[in-house]
Amino acid sequence: MLKDNLVMLRNIHGFSQEAIAEKIGISRQAYSKWETGATVPDIEKCSLLADVYGTTIDSLVKTEPVDDVGMIPPAPKGKHIYGSVAINDRGQIVIPKGARDQFGLTGGQRLIVLSDENGIALIPDEAFMAKMKRVLEYAEE
């Protein structure tokens, strides 16, 4: 729900109710009522809130539980949180359906595994190879 997301996002960003209220031009009491669910902001205020928190209006008003995790905060603009996966004894994972649908991933498709000190990323082979081809062409010039 919106009220839960407002509380989570405000705490994640380290803002007080007063600071958020000031950023969007309302009273602290009005913002407090949104967090308790007593009232809801209009669409223009939702847009301002989404901008302040770096998310989308859609993500701001939706709350989706993730299996084995519970409620998660809205993802930043352009980012997605699909939940957690488990690695089986053979080192295999199942990519969540939402991610497969978003990126058009199908069975048998090859993915490139990349990493840095923060984690790993999976990139479709075709996209990675196209970028590498451009890099090599640029290097030859």
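**Exercise 1. Classify Asp58 in this predicted model as buried, partly exposed or exposed, and then describe its salt bridge with Lys62.**

Solution. Begin with the accessibility of Asp58, whose relative value is 46%. Partly exposed is the class between the 20% limit for buried and the 50% limit for exposed, and Asp58 therefore counts as partly exposed. Next take Lys62, which has a relative accessibility of 42% and so counts as partly exposed too. Finally turn to the pairing itself, in which the closest N and O atoms of Lys62 and Asp58 are 3.4 Å apart; the cut-off for a salt bridge is 4 Å, and the pair is accordingly listed as one.

**Exercise 2. State how many salt bridges a search of the whole structure finds, and describe the pairs Glu35 with Arg10 and Asp101 with Lys97.**

Solution. The search of the whole structure gives three salt bridges. As background, side chains of opposite charge can pair when their charged atoms come close. In one of these bridges the side chains of Glu35 and Arg10 meet at 2.5 Å, taken from N to O. This pair links distant parts of the chain, since Glu35 belongs to helix α3 (residues 28-36) and Arg10 to helix α1 (residues 2-13), with their positions 25 residues apart in the numbering. Both Glu35 and Arg10 are buried. In another bridge, the closest N and O atoms of Asp101 and Lys97 are 2.6 Å apart. Asp101 and Lys97 both lie in helix α6 (residues 97-103), four residues apart, which is about one turn of the helix, and both residues are exposed.

**Exercise 3. Locate Gln17, decide whether it is buried or exposed, and find which residues it touches.**

Solution. Gln17 is placed in helix α2, which covers residues 17-24. Its relative accessibility is 16%, and Gln17 therefore counts as buried. Leaving aside residues up to four places away in sequence, the contacts of Gln17 are Arg10, Arg28, Tyr31, Ser32 and Glu35. Among these contacts are Arg10 and Glu35, the two partners of the 2.5 Å salt bridge.

**Exercise 4. Describe the largest nonpolar core and the surroundings of Leu60.**

Solution. The largest nonpolar core has 14 residues, and those with the most contacts inside it include Leu6, Tyr31, Leu49, Tyr53 and Leu60. Two or more residues come from each of α1, α2, α3 and α4 (43-53), with α4 giving the most, namely four residues. For Leu60, again leaving aside residues up to four places away in sequence, the contacts include Leu6, Leu49 and Tyr53, together with Asn5, Thr55 and Pro74.

Note on methods
Residues are numbered from 1 along each chain as its sequence is written. This is a predicted model: local features need pLDDT of at least 70, side-chain atom pairs count only at pLDDT 80 or more; totals for chains, interfaces and linings use all residues. Side-chain values use heavy atoms; hydrogens and water are left out. Buried means under 20% relative accessible area, exposed over 50%, partly exposed in between (1.4 Å probe, protein chains only). Contact means heavy atoms within 4.5 Å. A nonpolar core is a set of buried Ala, Val, Leu, Ile, Met, Phe, Trp, Tyr and Cys residues joined through side-chain atoms within 4.5 Å.
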